[in-house]
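Hi everyone, thanks for coming. Today I'd like to walk you through one structure, step by step, so please have the viewer open.

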Amino acid sequence: MKQLFFLGACGLAREISRGTLSAVECLAEFRRRVERFNPTLNAVVVLDWERALFRARAADQAQARGAALGPFHGVPMTVKECFDVANQPTTWGDPALCSNTAPKDDVAVARLEDAGAIVFGKTNVPFRLRDFQTHNDIYGVTSNPWHITRTPGGSSGGSAAALAAGLTGMELGSDLGGSIRQPAHA
């Protein structure tokens with residue numbers, strides 16, 4: 001199963017569409033991996049397995065009826081904490097926003113879900129997304145999966161660490177001043 005975690009979104013979608021892997025099975029494998037490695041890395045800081053399992057079951061039921069949900073049918077994914085996911089916290093790593101709960105999904109999240117992706121969590125960010133490392137006073141420090149005493153960069157450091165460690169099948173990050181490019185280098 002090790003290779004499952006590094007197939008990428010298209011590879012996972014292909015395996016699910018072929019029926020060699022169900023969306024529920026795929027989500028369960030990623031959950032086990034997150035539970036094993038995330039306590040050390042602290043990359044995925046908000047989890048919603050219940051919502052994800054509901055969507056994975058719906059994806060499998062749709063497939064059983066011969067209906068595809070889109071190009072990312074059944075692919076488990078995470079999103080950068082700054083993106084709104086309905087009923088989940090969106091804080092930008094700022095303690096002043098720690099009670100902020102999103103009323104609905106951001107457009108990007110909704111479009112990915114409309115394409116069949118299954119959001120199961122949100123990844124860590126630095127305070128207000130303004131640093132080249134990933135640390136904030138709400139969620140703490142995210143470690144680089146290749147060297148846990150080092151940073152995965154920022155501001156999409158949680159995103160990069162989750163992908164590099166195979167904790168997610170796909171990630172939604174953002175980049176204004178190097179927020180994806182810098183973690184890709186780290």
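**A walk through the model**

Let's begin with Glu50, which counts as exposed because its relative accessibility is 69%, and the cut-off for exposed is over 50%. Before I go on, please keep in mind that this is a predicted model.

Where does Glu50 sit? You'll find Glu50 in helix 3, which covers residues 49-64. If you'd like a feel for distances, pick out Ala9 as well: Glu50 and Ala9 are 41 residues apart in sequence, and their C-alpha atoms are 21 Å apart in space.

Now over to the sheet. Four strands make up an open sheet, and their order is 1-3-2-6, with mixed pairing. At the edges are strand 1 (44-47) and strand 6 (171-172), each of which pairs on one side only. Follow strand 1 to its neighbour, strand 3, at residues 118-123: the two pair in the antiparallel sense over three bridges. To see one end of that pairing for yourselves, click on Val44, whose bridge partner in strand 3 is Thr123.

Stay with strand 3 for a moment, as we turn to the empty spaces. How many cavities of 30 Å³ or more are there? The count is one. The largest cavity holds about 40 Å³ of space. Which element gives the most to its lining? That is strand 3, with four residues. The full lining consists of Asp48, Arg51, Val85, Gln88, Val119, Phe120, Gly121 and Lys122. By class, three of these residues are nonpolar, two are polar and three are charged.

Next, the pockets. The largest pocket has a volume of about 210 Å³. Its lining has 18 residues, and those nearest the centre are Leu129, Ser155, Ser174, Leu176 and Ser179. Sorted by class, that lining is made of six nonpolar, seven polar and five charged residues.

The second largest pocket has about 160 Å³ of space. Here helix 2, residues 23-41, supplies the largest share of the lining, with four residues. Among the lining residues you can look up are Phe6, Arg33, Phe37, Leu41, Trp146 and Ile148. How does this lining divide by class? Eight of its residues are nonpolar, one is polar and one is charged.

That's my tour. Thanks for listening, and do rotate the model yourselves.

Definitions and conventions: Residues are numbered from 1 along each chain as its sequence is written. This is a predicted model: local features need pLDDT of at least 70, side-chain atom pairs count only at pLDDT 80 or more; totals for chains, interfaces and linings use all residues. Side-chain values use heavy atoms; hydrogens and water are left out. Two strands pair if DSSP finds at least two bridges between them. On a 1 Å grid over the protein atoms alone, a cavity is a set of points where a 1.4 Å probe fits but cannot get out, and a pocket is an open set with protein on both sides within 12 Å along at least five of seven lines; lining residues have an atom within 4 Å of a point. Grid points are joined across faces, edges and corners, and a volume is the space filled by probe spheres set on the points. Ala, Val, Leu, Ile, Met, Phe, Trp, Tyr, Cys and Pro count as nonpolar, Asp, Glu, Lys and Arg as charged, and the others, Gly among them, as polar. Buried means under 20% relative accessible area, exposed over 50%, partly exposed in between (1.4 Å probe, protein chains only).
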